[in-house]
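Dear colleague,

I am passing on the structure we spoke about, which you will find just below. After it I have set out what was found, beginning with one residue and then moving through the rest.

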Amino acid sequence: MGVTHFSHTAYVIIGICLIIISILVFVRGRKISNSLKKEGETHFQAMQAYWIAALVLISGIVSLFR
């Protein structure tokens, strides 16, 4: 029983870490978007950051309920 409890706790910790990382990536994408908006360039890098943040967030949520 101890191993299963440890495994579940590890998944919860990993899920929380992934959610925090996704928030940091989203903030980074927001900064990229704002800097590109001033320069009038494409937002491809910002969109990549948003997609990565969304995928990491989904992975974190899945890990929480595993």
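To begin with a single position, L24 lies in helix α1, and, with a relative accessible area of 57%, which is over the 50% cut-off, this leucine counts as exposed. Its C-alpha atom is separated by 10.0 Å from that of A49, a residue 25 places away along the chain. Please keep in mind throughout that this is a predicted model.

As for the overall make-up, the secondary structure of the protein chain consists of two helices and zero strands. Of the 66 residues in the chain, 18% are buried, and the chain exposes about 5,200 Å², of which carbon and sulfur atoms supply 73%. If one takes the contacts between residues at least 6 apart in sequence, 71% of them join residues that are at least 24 apart.

Helix α2 comprises the 21 residues 44-64, and its end C-alpha atoms are 30 Å apart, which agrees with the 30 Å that the helix should span at 1.5 Å a residue. Which residues of α2 are buried? They are A46, A49, A53, V56, G60 and S63, and because they cover an arc of only 110 degrees around the axis, they sit on the same side of α2. On the face turned away from that buried side, α2 carries the exposed residues F44, W51, L55, I58 and V62.

Two serines of helix α1 have contacts that include some of these buried residues of α2. S22 is found in helix α1 and is buried, with a relative accessible area of 4%; leaving out residues up to four places away in sequence, S22 touches A53, V56 and L57, and of these A53 and V56 belong to the buried set of α2. S33 also has its place in helix α1 and counts as buried at 8% relative accessibility. Apart from its neighbours within four places in sequence, S33 is in contact with H43, A46 and Y50, and A46 is again one of the buried residues of α2.

Y50 brings us to the aromatic rings. How many aromatic pairs does the count come to? There is one aromatic pair, formed by F26 and Y50, whose ring centres are 5.3 Å apart and whose planes meet at 40 degrees, so the pair is classed as tilted. Since F26 lies in helix α1 (residues 2-39) and Y50 in helix α2, the pair ties together parts that are 24 residues apart in sequence. Are the two partners buried or exposed? Neither term applies, because F26, at 42% relative accessibility, counts as partly exposed, and Y50, at 22%, likewise counts as partly exposed.

Finally, there is the segment after α2, where R66 lies. With a relative accessible area of 58%, R66 is exposed, yet R66 touches H8 and Y11, not counting residues up to four places away in sequence. The C-alpha atoms of R66 and S7 are separated by 9.5 Å, although the two residues are 59 apart along the chain.

If you look at the model yourself, you might start from the F26 and Y50 pair, and then turn to the contacts of S22 and of S33.

With best wishes

Technical notes: Residues are numbered from 1 along each chain as its sequence is written. This is a predicted model: local features need pLDDT of at least 70, side-chain atom pairs count only at pLDDT 80 or more; totals for chains, interfaces and linings use all residues. Side-chain values use heavy atoms; hydrogens and water are left out. Helices (H or I, at least four residues) and strands (E, at least two) are DSSP runs, numbered from the N terminus. The expected span of a helix is 1.5 Å times one less than its number of residues. Buried means under 20% relative accessible area, exposed over 50%, partly exposed in between (1.4 Å probe, protein chains only). The arc is that of the directions from the helix axis to the C-beta atoms. Rings of Phe, Tyr and Trp (its six-membered ring) pair if their centres lie within 6.5 Å; planes under 30 degrees apart count as stacked, over 60 as edge-to-face and the rest as tilted. Contact means heavy atoms within 4.5 Å. Accessible areas come from the Shrake-Rupley method with a 1.4 Å probe; for residues, only the protein chains shown count as cover.
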